[in-house]
Amino acid sequence: MLDVSKTDERYKVLFEPVKIGPVIAPNRFYAVPHATGHSPLMRNGSHAMRATKAEGGWGTVCMQLAEIDPTSDICDLPIETFWDEGDVREHRVLTDRLREIGALSAIEIAHTGIRGRGMGTGMPVWGPSNLPCLKPQVPVQSKAMDKADIKALRQSFRAAVRRAKQAGYDIVYIYAAHDASILWHFLSPAYNHRSDEYGGSFENRLRLMREVLEETVEEAAGEMAVAVRLAVHEVGGRGKITHDGEGRDVVEALADLPDLWDVNIATWPHDSGTARFDNEGWQEEFTSFVKRVTSKPVVGVGRFTSPDTMVSQIKRGVLDLIGGARPSIADPYLPNKIREGRVEDIRECIGCNICVSSDAFSIPLNCTQNPTISQEWKRGWHPETVPHAKVKKNGLVVGSGPAGLECALVLARAGHHVTVAEKAGELGGRSLSESRLFGLGSWARVSDYRLYQLRQMSNVDLFANSDLNAESVAEMGADHTFIATGSHWLNNGLGSTHFEAIKGFEENALSVDEIIKGAKPEGPIVIYDDEHYYMGNVIAAHFAQLRHDVTLVTPQPYIAGWMGYTLEQPRVNKQMLELGVKVVPNAVASHHDGSALHLSDANTGALLAPVAGTLVPVGLRAPNLELWQALDGLENKTLIGDAVAPGIIQSAVFSGHKAARTFLNRGVEPAMKRERGVLY
C-alpha cells in the first residue's frame, strides 16, 4: 500500500487502486503511450526514461506505439518494432524492471496503415482503399487490402498479442487514434471507400476493429488487460468521426468488450494542443460521455498538472485514471510530489511541444522544463537529485533567465552556496518577460518553478537590480562564476535567410526587446519575420487583439515554419486569419525608406507593394558578451545559455543544467554513453 499519511485529504482519491480487468493499477496516475524518439536500437534510454516515471509514482507506464509487423512501416520516425522473438526478449527487460518498482506496464501494438510509407521495408502501404499516404509530400499510395491481406493483418495482431504476453506486459493496447491506425482508417468514411463487408455502413467499417479486439481478448485469455485507444472526436480536418456521432457509436458498440478505454481526440495537433491554444483539461468536452456508456474504467489526457483539476475529473465522473504524456515528461515525479504533500514542487509542463518537435527530428525527447529527460541513462542525470558536494563552494550566477536559474538550482541542490545577481528589477529573464505576450502565459512556469525552489533554500541569495561589472564580480570572490547574461534582438534585418543588414531597418525599426518591455506603438504594425518560430506571429497576435492593423511579412513560403514540428502551424494560420492579420509570404525586404517597407517576390524578384507601419524585425539575436569579455583575466568562469548561442528556452535550460553538472564533476563534462547495435 502507498503511504498517503502526508497526502492532502483532497488528493487521496488519486492514490486509490483501480481494477483494470485482471490487473490492478496501484493508483490513478497513468503515463499514457507517447513517442519518445527512442528507436528500437535505443533500448537503454527508453527503459531508463520509463523506469524513472515509475519511480516517480506513475502507477501505470506505457510503451509507445509498437508496429506489429514489417507491413507497418512509418520509416522516418523512431517508432517501436514488435515483430519477433528478439523484440520480446528486450521488452521483457522493461516489464521486469517496472514490475520490480511497483508499476503496471502496457504496450500499444498497432499497424499504421496509410500513415505508413513502406520505404524502409519495400513493402506496399496497406489501407482500406487505394489512397495517398497521409503525408502529402511523400509520393506513396496505399494498396487497397484484399481479403487475404485482412486475414494476414488479423493474424499479425494475434501474434503481437501473444508476444506482449510473453514479454510480461500487464496491458495490451488496440490502437485507433491520432489518424495513425489502420483500424481508424477502416472506421473512417474519409478513408474507407470499400463496397464489401468491410466498407459502407458503420457496422461494416467497424468490423475490422471489432474482430481485432475480440481476437485480442481471446489471446490475452485473462492474463493481460486489454485496452482500446480511440479518438472519439475529430477536430477540424476531415471531421467524419464526432463525439456526438460515430465516435460515441463506437464506444456504445464495443462498450464492455475491452478492460479499459483510453480516449482522446484527433488529430495529433489537437490531442497535443499547446498552452497557447488549449487550456488544461480541454478534451473533457469531447470525452466526458464515455463513462456514461461503459462500465469499464476510462483514462484520458488534457495536459493535467493541477491536482485539483485531476480530482475534479475523478469526482465528476469524467475519468477513472489521469493520463499524462507531456506532464510525465516535464515532471516524472509529479505523483510522488502530490502524495508527499509537495504540490508546490511540481515542475509543470508549459505546453510548448518542444518534446513533440524532437519526434519530428527522430531524436530522443527534449523538454523545456525537464533538462534530464532522455539523459537518465545517457548521462546518468536524475530529475530530482544531484550528487552532493563533498566540499562546499561559493558559486556566482550573473543573470536570472532560464539558464541562470537552472544552473543555480542544480548547484544549490548539491549543497554549494549560490548567489544570483540580476541586472533587471525582477528575476526571471526571458521566460518571465515573454510570458506577458499574448498566449504565452505558461512560459512564466519556467522561472516560477525555479525561483520557488531557490527561495526555500538557505544557501541561496537572490539579488535583483544588481548590474555587476568586472570589478564587482572579482570583489565577490566566488569559486566559480557562471555568466548567463542572455542575448538581445537585432533590428537590422539579419535573419535566417538574410545574413547582411537591410538598408533602413536599424534607424526605422522597433526592436522585439522594446515590444517585450511594453512599447505601445500607434497605428499599423509591420512585422518582418525571418526567424520562423513563435515570436513573429505572437507579436502579430498580440497587437491584432489590441485592435492594431497588423501585417506579417516573411521571406518564406509560409509563416512559422518551425512550428510545423510543434504541431502549431495550422492553428497559427487560423489565428492570424481570425484576428485579421494580413500575411504576406514569399516577400523579401530590400530596404525601408523611413515611411514604408519595400519588398520583392522571393521567387521572381518582382517588386511588391510597399507596406507602411511601425516596423518590427524578428530575426537574429546577439549574445550579451560585454561582461564576459571584460572578465577575460578571470579564471574559473563559464558562459551559459543564450550568451553562448541564442536559441529556444529549452536550449538555455539545458545549457545551465549541463554547466552545473560539469562543475559538480570537477570541471569535466559528464560523459555520454552511446547505444550500440549488436553484430550478428
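## Around S272

Apart from neighbours within four places in sequence, S272 is in contact with R326, N353 and L567. This description rests on a predicted model. S272 sits in a loop, between helix α7 (268-271) and helix α8 (284-287). Its relative accessible area is 10%, and buried means under 20%, so S272 counts as buried.

## Nonpolar cores

The largest nonpolar core has 88 residues. Within this core, L14, I109 and L230 are the residues with the most contacts. The largest share of the core comes from α5, which supplies 7 residues.

What does I109 touch beyond its neighbours within four places in sequence? The contacts of I109 are A66, I68, F82, F157, A160, V161, V172, Y173, I174 and Y175. A second core, separate from the one around I109, has 35 residues. Among the members of this second core are Y534, V581, I649 and V653. In soluble globular proteins, nonpolar side chains tend to be buried together.

## Salt bridges

The model contains 45 salt bridges by the rule used here. Side chains of opposite charge can pair when their charged atoms come close. Three of the pairs are described below, followed by one network.

E223 and K165 form a salt bridge in which the closest N and O atoms are 4.0 Å apart. E223 belongs to the loop between α5 (202-220) and β10 (225-234), while K165 belongs to helix α3 (residues 147-166). The pair therefore ties together parts that are 58 residues apart in sequence. E223 is exposed, at 53% relative accessibility, and K165 is partly exposed, at 25%.

D549 and K582 form another salt bridge, with 2.4 Å between the closest N and O atoms. D549 is found in the loop between α20 (535-544) and β20 (550-553), and K582 is in strand β21 (residues 582-584). Because of these positions, the salt bridge ties together parts that are 33 residues apart in sequence. D549 is partly exposed at 41% relative accessibility, and K582 is partly exposed with a relative accessible area of 40%. Elsewhere, R43, E80, D87 and E90 are joined into one network by salt bridges that share partners.

Are D196 and R194 buried or partly exposed? The side chains of these residues meet in a salt bridge, with an N to O distance of 2.8 Å. D196 has 21% relative accessibility and counts as partly exposed. R194 has 13% relative accessibility and counts as buried. The cut-off explains the two labels, because buried means under 20% relative accessible area.

## A sheet of three strands

Strands β22, β23 and β24 form an open sheet in the order β22-β23-β24, and the pairing is antiparallel. Which strands lie at the edges of this sheet? The edge strands are β22 (587-592) and β24 (607-612), each of which pairs on one side only. On average, neighbouring strands of the sheet are turned by 30 degrees against each other, with direction ignored.

Strand β23 covers residues 596-601 and pairs with β24 in the antiparallel sense over 4 bridges. For S600, the bridge partner in β24 is L607.

Terms used
Residues numbered from 1 in each chain as written. Predicted model: local features only at pLDDT ≥ 70, side-chain atom pairs only at ≥ 80, totals over all residues. Heavy atoms only, no water. Pairing = 2+ DSSP bridges. Helix = DSSP H or I, 4+ residues; strand = E, 2+ residues; numbered from the N terminus. Axes fitted to C-alpha atoms, helices over the stretch in contact; angles between N-to-C directions. Buried < 20%, exposed > 50% of the residue type's maximum accessible area, 1.4 Å probe, protein only. Core = buried A, V, L, I, M, F, W, Y, C linked by side-chain atoms within 4.5 Å. Contact = heavy atoms within 4.5 Å.
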